[in-house]
Amino acid sequence: MRRTTGTRWGRGRAATVAVTVICLAYAPIAMTELWPYARPGAPALGEWLLGRTVSPEFVAEAVRDRTGPYGRSLIPLIAHSVLGGLLMLLGPVQLLSAVRRRIRLHRITGTVFAVTVYASMAGAALYLVRTPPAEAFSGAAFWIVLATILVGTVGSVTFGILAAVRGFPDLHQRWLLLCYGFLMTAPLLRIEWGLLPSLYPGLGLADINRVAIMHLGALVSFGALLASRALDRRAAVPGLTGTWCPLPVRVAAHLAGAAGLVWITVAFLDEGTAGRRLLLAYLVPYAVTYAVIAARAARGAAWPREEWSLHLAALCLAPAFSAVTVPVLERALGLDRITALVAGVGTGCGMLAYAAVAAVSLRILYAREVLRRQGEFADLPATPAEARVAAGSTREGARG
């Protein structure tokens, strides 16, 4: 047990250090990223690094393709990126202050964090509203994924604030970790800008983005889940009995997920080389995520197993959700099949992970409601029949 606990603690600390390093490294990149669009030749650390890890031509093509879409909303986007860099600095402070029980510091920086999230996302929202999906950088699919991340970020920080105000620290923790997971899509996307060109030579930044959004939602929500489970060491939640994921529910979720995966696979294979590339970028991370969550859901104490099971059901349903979403996007937005397919698959795992956190929150709230009602019933006066039984037991005890 000590060895297991020590190993888990070591992994958690290593993950915290890795996330902190990524955030600190990305903060100056985010803050300077859009300066050259306002003043050509202005220093931008991200462009400088990308030019040396990939090529100057890759950077020049990216700048050229983004100049038009960004020009309509440059000031809001600069505010978004600068405040996004600040969020990268505030995130590790929030996590470490929570772990080390620095309550006052956590509340102060938490307030600043929440206000900064709203302000930063407002800048991104202005860009999305002013830019038609078809004219956005990387096209309509990327616009839809960005809009989904924006809604998920704002929604999760809002639910996190409400949970803190109502005195639910465990729910507050889960929602804020999910919020920061969505924010982490920005630095992780930049990492893929530097790595994927070596795997796919000749691919421009717009195509690299399409590959990346195949799995970024799944990866960041999975990271948020791992962090939540690492910080919640309870074996049981008071008032929680049974499961919301009995065998029939699990079987139905797996069957729906399998059907969705088959449909997605066939749809991507019909798109030739580009479709196979996108399919691989989706299936491999999905399979790894599924394997880890399924293994955790099959063992352990009651509460961890229940939370893992809820997330497993959501992950299974994600491909089915994406398959249903694709024709809706085609008809509602007039998209072609491949664009709708990329958008539907790119948003599926993130949206279902959001739904899973909501289900976990309802599960905990329901357990607390059960306890509250049990307490109310315990305080009720006894019925006449119960009073007679209690009196008889008292007399028998006295005789004994």
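These legends accompany close-up views of a predicted model.

**View 1. The largest nonpolar core.** This core holds 101 residues. Met88, Phe113, Val117, Leu183, Met214 and Phe268 touch the most other members. Helix H15, residues 337-379, gives the core its largest share, 13 residues.

**View 2. The surroundings of Phe268.** Phe268 is a buried residue of H12. Leaving aside residues up to four places away in sequence, Phe268 touches Met214, Gly275, Arg276, Leu278 and Leu279, along with Ile338, Leu341, Val342 and Val345. Among these partners, Gly275, Leu278 and Leu279 are buried residues of H13. Met214, like Phe268, is one of the core members that touch the most others.

**View 3. The largest cavity.** There are two cavities of 30 Å³ or more. The largest encloses about 130 Å³. Its lining comprises Ala218, Ser221, Phe222, Leu225, Thr289, Ile293, His311, Ala314, Leu315, Cys349, Leu352 and Ala353. Helices H11 (216-231), H13 (272-297), H14 (302-333) and H15 give two or more residues each. H11 supplies the largest share, four residues. By class the lining has nine nonpolar residues, three polar and no charged. Of the lining residues, Thr289 and Ile293 are also listed among the buried residues of H13.

**View 4. The second largest cavity.** About 80 Å³ of space lies here. Arg174, Leu178, Ser221, Ala224, Leu225, Ser228, Glu307, His311, Ala353, Val357 and Val360 form the lining. At least two residues come from each of H8 (169-183), H11, H14 and H15. H11 again gives the largest share, four residues. Six lining residues are nonpolar, three polar and two charged. Ser221, Leu225, His311 and Ala353 line this cavity, and they also line the largest one.

**View 5. The second largest pocket.** This pocket has a volume of about 870 Å³. Its lining counts 45 residues, of which His80, Leu146, Ile149, Thr185 and Ala186 are the closest to the centre. Helix H7, residues 139-165, contributes the largest share, nine residues. The lining divides into 28 nonpolar, 14 polar and three charged residues.

**View 6. Helix H6.** H6 runs over residues 103-130. At 1.5 Å a residue, its 28 residues should span 40 Å, and the end C-alpha atoms are 40 Å apart, so the two values agree. The buried residues are Thr109, Gly110, Phe113, Ala114, Thr116, Val117, Ser120, Met121, Gly123, Ala124, Tyr127 and Leu128. An α-helix has 3.6 residues a turn, so residues three or four places apart point the same way. Phe113 and Val117 are among the core members that touch the most others.

**View 7. Helix H12.** H12 covers residues 247-269. Its 23 residues should span 33 Å at 1.5 Å a residue; the end C-alpha atoms are 33 Å apart, which agrees. Buried here are Ala253, Gly257, Gly260, Ile264, Ala267 and Phe268.

**View 8. Helix H13.** H13 has 26 residues. From first C-alpha to last it reaches 36 Å, close to the 38 Å expected at 1.5 Å a residue. Gly275, Arg277, Leu278, Leu279, Ala281, Tyr282, Pro285, Tyr286, Thr289, Ile293 and Ala297 are buried. H13 is also one of the helices that give two or more residues to the lining of the largest cavity.

Notes:
Residues numbered from 1 in each chain as written. Predicted model: local features only at pLDDT ≥ 70, side-chain atom pairs only at ≥ 80, totals over all residues. Heavy atoms only, no water. Core = buried A, V, L, I, M, F, W, Y, C linked by side-chain atoms within 4.5 Å. Buried < 20%, exposed > 50% of the residue type's maximum accessible area, 1.4 Å probe, protein only. Contact = heavy atoms within 4.5 Å. 1 Å grid on protein atoms, 1.4 Å probe; cavity = no way out; pocket = protein on both sides within 12 Å on 5 of 7 lines; lining within 4 Å. Points joined across faces, edges and corners; volume = space filled by probe spheres on them. Nonpolar A, V, L, I, M, F, W, Y, C, P; charged D, E, K, R; others polar. Expected span 1.5 Å × (residues − 1).
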